Amino acid sequence: MTEVPLPYRVTRVHRETADTVTLALVPAGPAASAPFVPGQFAMVYAFGVGEIPVSVSRIGRRTLHHTVRSVGAVSAALCALRPGARVGLRGPFGTGWELGRAAGQDLLVVAGGIGLAPLRPLVLQALAARSRYGRLNLLVGARTPGDLLYARQLRSWTAQRALRHCAVTVDRSADGDGWWGHVGLVTALLKHAAFAPENTTAFLCGPEVMIRATARDLLHRGLPPRRVRVSLERNMRCATGHCGHCQLGGVLLCRDGPVIGWDRAEALCSVREL
Amino acid sequence: MSDRRTTAVLARTGLDALVQALRARGRTVVGPTVRDGAVVLAELSSAEELPFGWGTRVEAGRYRLVRRADGAAFAHTAGPQSWKTFLHPGREKLWDADRTADGQLSVTEAPRAHISYAFLGVRPCDLRAVAVQDRVLAGGRYRDRGYQERRTGALLIAAECTEPGATCFCVSMGGGPGADAGFDLALTEVVDEAGHRFLVRAGSDAGDELLAEVPHRPADPETKAVARGAVDAARERMGRAMPPVDLRTLLGDSLEADRWDDVAARCLTCGNCTMVCPTCFCTTTEEVTDLTGDHAERWQRWDSCFDLDFSHLHGGPVRASARSRYRQWLTHKLSTWYEQFGSSGCVGCGRCVTWCPVGIDITEEAAALHDELAARLRQDGQRGRGARGVRDVRYERKEPER
């Protein structure tokens, strides 16, 4: 272990879905973390409960946003926080999306469920320097309409011309849920996207099965594996490469990931229980 | 460098002078001693606590102490502990956290006891294991501060191996019974008609200084020759060997092997192998609060990849089957460790074989994986499907690591 968490104050809690909130955090004291880049994560510490890795979902000048889905003791404690509460934060850790390397290319961003969280700062970064990139496609999938994150932002993005194509799909839609959009897997949206495979970088995050299906589809369309960037997830305890939990074959996801190229990830994602 | 390092001979009594000199310097001397039917590592107040006259008889899943007539102190093989017990302890507090009445949070790094260790009787396999953990815990971008402090402050006195056990295979892992680097002093025990004595070589300035403080005599050619001969003979007496193939490639290409089902049917997933392994470094964390609820402590403790919780992700463990957990352990140790930390994770000390309650022998598992892969490649070759295969797997003798 390398450093202790810095105290951060929760300034805002935005409920995204029934089980997911976005916390806005600012340093509670004079010390602040080093700057984050999109794709990196922090270890967020809930006092008396524990610490979990959470990707940064928006990067402000002082404010860091972290979107947390309640799936265990620590994430449940974080989701229950109110404005004014304190958390601890270590980071930034891991690799970023490296959007800069895609300058001049078409961008294809594909998100499934909570996987949109680490991709949001990437989309915002691309929109902020729009002229540096070609066409920008954003494909978003969620289980149900109620599971969609950043609903207002998605609506505004769908209406923006800066985004060549922003499509949203849900796995299931029930009568009366008000959903009138696509129903089906996010891979089905690929055919609507506008990109030149030989000059595109794709950014994928979501359930591993979705990442696998999307990456294979993209390779089939001619994207080279190294230009399919994926963000993967494993249990993490230390984030500094010492606890051994985040191993995926020879990759230590806290150190070599969470964002890695499909050229490295494909073999690792093809073996059951690796 | 080595020219000006001292080589000398210590009498049997010189060993205690060494222990006392170290203690006088404020060092905590840790070495092997007999306790509860095993040679364990513990703090020593005198060299008399060393296991003089004790040897060990080991086999897969079996460890017994045996009496030795020659009275040797370092004629035992690796016991259930290794030096990681001291350098990378099983439990360590990381930080204290306090919540004040107005809801503020303060986190302070846990104070660490400044212990300066002297390890007496470090086997060459364990010297290499310490070097492996150095790369893992203090060789990357982030350093484990506790480990680094303890390690930097530790003085290592090696004891060369002259009595390898039936589960030892360091030579086939590129090591050997001789100590060639990473020690402050290296002892080679000699017991013959000329008496019970130790050839001692300094490996650092600290070792030279220490040696200057204890009674010793210049190394005579006779003692040197006997000591060399005993170590050379030990090299030929390893009880086991890994198959002479590129283990990194073998394990990397065996992820879907049937052998994993075979070993999973025997493995209890108890994690003993990971606890006794001198290089296994994995840890987990625990959060502990006091009764007021306003003070919390964060602790780190050893963890094992055989534990179901180890790979827990929302929804359950990634590695649910025994097959996948055994595969993770062995593949990490022999193959993916190179990618992560630049070397093998195995030094061939044999502890995992000895202390496995069902006697699983990793040299036998590696040999079986080799047989299975070789058979598969032959089959693929005969069917003309050699596209992936013979070229990728290099069945050649592995060069020893230096």
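Here are some notes on this predicted model, covering its domains, a cysteine cluster, some backbone oddities and one helix.

1. Start with the overall layout of chain A. The assignment splits the chain into domain 1, residues 6-93, and domain 2, residues 99-269. Taken over C-alpha atoms, the centres of the two domains lie 22 Å apart. Domain 1 of chain A puts 21 residues into the contact, and domain 2 of chain A puts in 23 residues.

2. What does that domain interface consist of? The area buried between domain 1 and domain 2 of chain A comes to about 1700 Å², with carbon and sulfur atoms giving 60% of it. If you go looking for salt bridges across this interface, the rule finds zero.

3. Next, the cysteines. An unreviewed UniProt entry carries a "binding site" annotation on Cys238(A), Cys243(A), Cys246(A) and Cys254(A). Although these four span 17 residues in sequence, no two of their C-alpha atoms are more than 10.0 Å apart, so they gather at one spot. The annotation comes from the record, while the clustering is computed from the model.

4. Two of these cysteines deserve a closer look, and Cys246(A) is one of them. It sits in the loop between β12 (228-231) and β13 (247-248) of chain A. With a relative accessible area of 3%, Cys246(A) is buried, because the cut-off for that label is under 20%. Leaving out residues up to four places away in sequence, Cys246(A) touches Arg234(A), Asn235(A) and Met236(A), and also Val251(A), Leu252(A), Leu253(A) and Cys254(A).

5. Now for Cys254(A), which belongs to the loop between β14 and β15 of chain A. Cys254(A) also has 3% relative accessibility and counts as buried. Again setting aside neighbours within four places in sequence, its contacts include Phe41(A), Phe93(A) and Gly94(A). Met236(A), Ala239(A), Thr240(A), Gly241(A) and Cys246(A) are among its contacts too.

6. On to the backbone. Most peptide bonds are trans, and most residues other than glycine have a negative phi. Against that background, look at the bond from Gly91(A) to Pro92(A), which is cis with omega near 0 degrees. Pro92(A) lies in strand β6 of chain A, residues 86-93. The bond from Gly257(A) to Pro258(A) is cis as well, with omega near 5 degrees. Pro258(A) is placed in the loop between β14 (251-252) and β15 (259-261) of chain A.

7. Which way does phi go at Glu98(A), positive or negative? It is positive, at about 60 degrees, even though Glu98(A) is not a glycine. This residue is in the loop between β6 and β7 (106-112) of chain A. Glu98(A) is partly exposed, with a relative accessible area of 37%.

8. Tyr150(A) is another non-glycine with a positive phi, about 50 degrees. Its place is the loop between β8 (136-142) and α3 (151-159) of chain A. Is Tyr150(A) buried or exposed? At a relative accessible area of 3%, Tyr150(A) is buried.

9. Last, chain B. In helix α1 of chain B, residues 14-24, the buried residues are Gly14(B), Leu15(B), Leu18(B), Val19(B), Ala21(B) and Leu22(B). They cover an arc of only 160 degrees around the axis, so they fall on the same side of α1(B). Following α1(B) comes Gly26(B), with a positive phi near 85 degrees.

Key
Residues are numbered from 1 along each chain as its sequence is written. Chains are lettered from A and ligands numbered from 1 in the order in which they are written. This is a predicted model: local features need pLDDT of at least 70, side-chain atom pairs count only at pLDDT 80 or more; totals for chains, interfaces and linings use all residues. Side-chain values use heavy atoms; hydrogens and water are left out. Helices (H or I, at least four residues) and strands (E, at least two) are DSSP runs, numbered from the N terminus. Buried means under 20% relative accessible area, exposed over 50%, partly exposed in between (1.4 Å probe, protein chains only). The arc is that of the directions from the helix axis to the C-beta atoms. UniProt positions are given in the numbering used here, feature names are shortened, and annotations may be inferred rather than shown by experiment. Contact means heavy atoms within 4.5 Å. Domain bounds come from an automatic or database domain assignment. Buried area is the accessible area (1.4 Å probe) that two parts lose on being put together, summed over both. A salt bridge is a side-chain nitrogen of Lys or Arg within 4 Å of a carboxyl oxygen of Asp or Glu.
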